[in-house]
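Q: Could you take me through the aromatic rings in this protein up close? I'd like to know which ones pair up and where they sit.

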Amino acid sequence: MAFPRNSLRAFLVHAKQRLFTAIQSSERVTIVAGNESADLDSLTSSVLYSYIRSLSPPTGAFTPLYVPLLNIPAADISLRPEFQVVFRHANFDPSHLVTLDDLLSDEGICLEPENTRIILVDHNSLQGELGKRFAAQVHGVVDHHDDERKVPTETDPEPRVIEKCGSCTSLVVRTLRSSWESSTDGSSLVSGAAHAQGDSLANDASVTRTWDAQVAKMALASILIDTTNLTAEGKVTEADTEAVKYLEAKIKLSPKDATQWDRNKCYEEIDAAERDIERLSFEDILRKDYKQWTENGLGLGMASVVKPLKFLATKAIKNPSEDRENQFVTAIGDFMAARGLTIFAVMTRYTSPTGEFQRELYVQALSAGHAAASRFAEQAKEALQLADHDVPDLSEKPGSMQPSSEGPWCVVLPFISLFVAPILCVR
């Protein structure tokens, strides 16, 4: 039975409760999982897919309820200040989300593979412990990275959509738009639902429009961030522009939200929150947007940072009287050792004081990864338009390079995969 029409907040509460029941009773469960970096796009695409699909599940669905998974421990939500802005706009709390903590017990992952189906959003290869246990249970995907061909070609009744786009959430909107409309047109409210959510609106239509507006604002958050408010040349696609148009129309239908909505203001608020990382420690900055996997037996990791390397270098300083470069290299080395990494990359993106968009790439490798890192530096230099780059406090550090702003930043990952895994696209 489909989830009755209700708010996003009520849905998330219900989905989490049903997950616990399924674990305790060994019942079936469908998980919609974002990627391991758990950025804003992974959050919104997994929640949006689960919400709409649960309102209007397809014939033959493994379960009628879809549970969104934020693919990190609950404690790591605090590393993402931009999430707090989204929670407020969409009217739900971090405690309502399902995280990795909810799937774990002292014995490991609680779910049994035979009772589980996984839908991937914002990635198309399930990694980590979930990948080891549930790779064969992946039966659907919506993603905007290059196809790693890990998801079966036949996933009916779930979609298999892998297509270049500014934001994965845009593809989820396009894929499930008709389902969203059908759930709006033909559904009735749960008795007392408006009052349970603190609403005192006059009729069912205005209540559902308010709920739709909350969902739309959540979805818009990641699309606007990933496309720089639809201004990122070479990244924005028709799917992005159409999704923004559709979602803004949802907001404008809500009497409660139409007069207050300002897209530019929303983008600026979330963008400022995402860049507010001064309070975070060196390690937490690297953990905030981090991916890790294994290739050819080597532990590989990558962190994306919204500040320049100079800022990161200052965060690594423990003793101002000691050499800053050594402290940075040591701090990176400690981060790698704690995670068993052989090669680690830090990618930065930021706006210079003169308003220019800048990007940097720093690579550090253990001896076992030196050959691969050197091969990357030579073979990817032209493709990524890399240039040697002196960073204050890290002057002439090998492996610190500056891609031009026009370079195809989406193809940074091949070096980590030693040129044998498919090229991935990262924001």
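A: Sure, let's start inside: Phe-282 and Phe-328 are both buried. Keep in mind that this is a predicted model. These two rings make an aromatic pair, with 6.1 Å from centre to centre and 85° between the planes. An angle over 60 degrees counts as edge-to-face, so that's the label this pair gets. What's neat is where the partners come from: Phe-282 belongs to helix H10 (residues 282-288), while Phe-328 belongs to helix H12 (residues 324-339). They're 46 residues apart, so the pair links distant parts of the chain.

Now hop over to Phe-335 and Phe-344, which also form an aromatic pair. Here the centres are 5.1 Å apart and the planes differ by 35°, which makes the pair tilted. Are these two buried or exposed? Phe-335 counts as buried because its relative accessibility is 3%, and Phe-344 counts as buried because its value is 1%. The cut-off for buried is under 20%.

Stepping back, the whole model has eleven aromatic pairs. Rings can also group up: Phe-3, Phe-11 and Tyr-51 form one aromatic cluster.

Finally, some rings have a charged neighbour over them. Arg-117 lies over the face of Phe-62, 4.2 Å from the ring centre. Likewise, Lys-307 has its charged end over the ring of Phe-311, at 5.7 Å from the centre.

Notes: Residues numbered from 1 in each chain as written. Predicted model: local features only at pLDDT ≥ 70, side-chain atom pairs only at ≥ 80, totals over all residues. Heavy atoms only, no water. Phe/Tyr/Trp six-rings, centres within 6.5 Å; stacked < 30°, edge-to-face > 60°. Helix = DSSP H or I, 4+ residues; strand = E, 2+ residues; numbered from the N terminus. Buried < 20%, exposed > 50% of the residue type's maximum accessible area, 1.4 Å probe, protein only. Lys NZ or Arg CZ within 6 Å of the ring centre and 35° of its normal.
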